[in-house]
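User: Hi! I'd like a close look at one part of this model, with the side-chain contacts spelled out.

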Amino acid sequence: MKSTDFLFATPKFSVGVGRTIDLGSTLNTYNSSNSEEEADYKAMYSDWYMVASDLKKAMIKYDREQRTTC
């Protein structure tokens with residue numbers, strides 16, 4: 001659960017090809033949760049995880065830049 005697209009289906013080429021002959025839309029699957037609250041929790045957790053990851057990368061980059069300029 002380390003992406004911000006938790007509530008969306010992840011498209012794949014093979015599924016796209018299969019959908020061309022799936023007239024009943026039986027191939028539609030999405031990430032599911034037991035409740036709306038659980039889905040919200042998972043989505044928010046995933047979003048904040050990515051924010052923390054971006055901040056960590058930015059701090060590492062800043063630290064490296066500071067070391068090379070000093």
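How many aromatic pairs does a search of the whole structure find? Please go on from there to the helix around them.

Analyst: Happy to help! Please keep in mind that this is a predicted model.

The search of the whole structure finds two aromatic pairs. In one of them, Tyr41 and Tyr45 have ring centres 6.2 Å apart and planes at 25°; planes under 30 degrees apart count as stacked, so this pair is stacked. The two tyrosines are four residues apart in helix H2, which means that about one helical turn separates them. Tyr41 is exposed, with a relative accessible area of 54%, while Tyr45 is partly exposed at 41%. The aromatic cluster here is made of Tyr41, Tyr45 and Tyr49.

Now to the helix itself. H2 covers residues 36-69, which is 34 residues. At 1.5 Å a residue, a helix of that length should span 50 Å, and the C-alpha atoms at its ends are 49 Å apart, so the model agrees with the expected span.

Next, the charged contacts. The count of salt bridges comes to two. One joins the side chains of Glu38 and Lys42, with an N to O distance of 3.1 Å. These partners are four residues apart in H2, so they too are separated by about one helical turn. Glu38 is partly exposed, with a relative accessible area of 24%. Lys42, at 18% relative accessibility, counts as buried because the cut-off for that class is under 20%.

The other salt bridge links Arg67 and Asp63, whose side chains meet at 3.0 Å, N to O. Again the spacing is four residues in helix H2, or about one helical turn. Arg67 counts as exposed at 64% relative accessibility, whereas Asp63 is partly exposed at 34%.

As for burial, Lys42 has company: Ala39, Ala43 and Ser46 of H2 are buried as well.

There is also a nonpolar patch on the surface, formed by Met44, Trp48, Val51 and Leu55. Together these residues have about 440 Å² of accessible area. One of them, Leu55, is found in helix H2.

To bring this together for H2: the helix carries the stacked pair Tyr41 and Tyr45, the salt bridge between Glu38 and Lys42, and the salt bridge between Arg67 and Asp63.

Note on methods:
Residues numbered from 1 in each chain as written. Predicted model: local features only at pLDDT ≥ 70, side-chain atom pairs only at ≥ 80, totals over all residues. Heavy atoms only, no water. Expected span 1.5 Å × (residues − 1). Buried < 20%, exposed > 50% of the residue type's maximum accessible area, 1.4 Å probe, protein only. Patch = residues over 30% accessible without salt bridge, like charges linked within 9 Å, V, L, I, M, F, W, Y side chains within 5 Å. Areas by Shrake-Rupley, 256 points an atom, 1.4 Å probe, with all protein chains shown as cover. Salt bridge = Lys/Arg side-chain N within 4 Å of Asp/Glu carboxyl O. Phe/Tyr/Trp six-rings, centres within 6.5 Å; stacked < 30°, edge-to-face > 60°.
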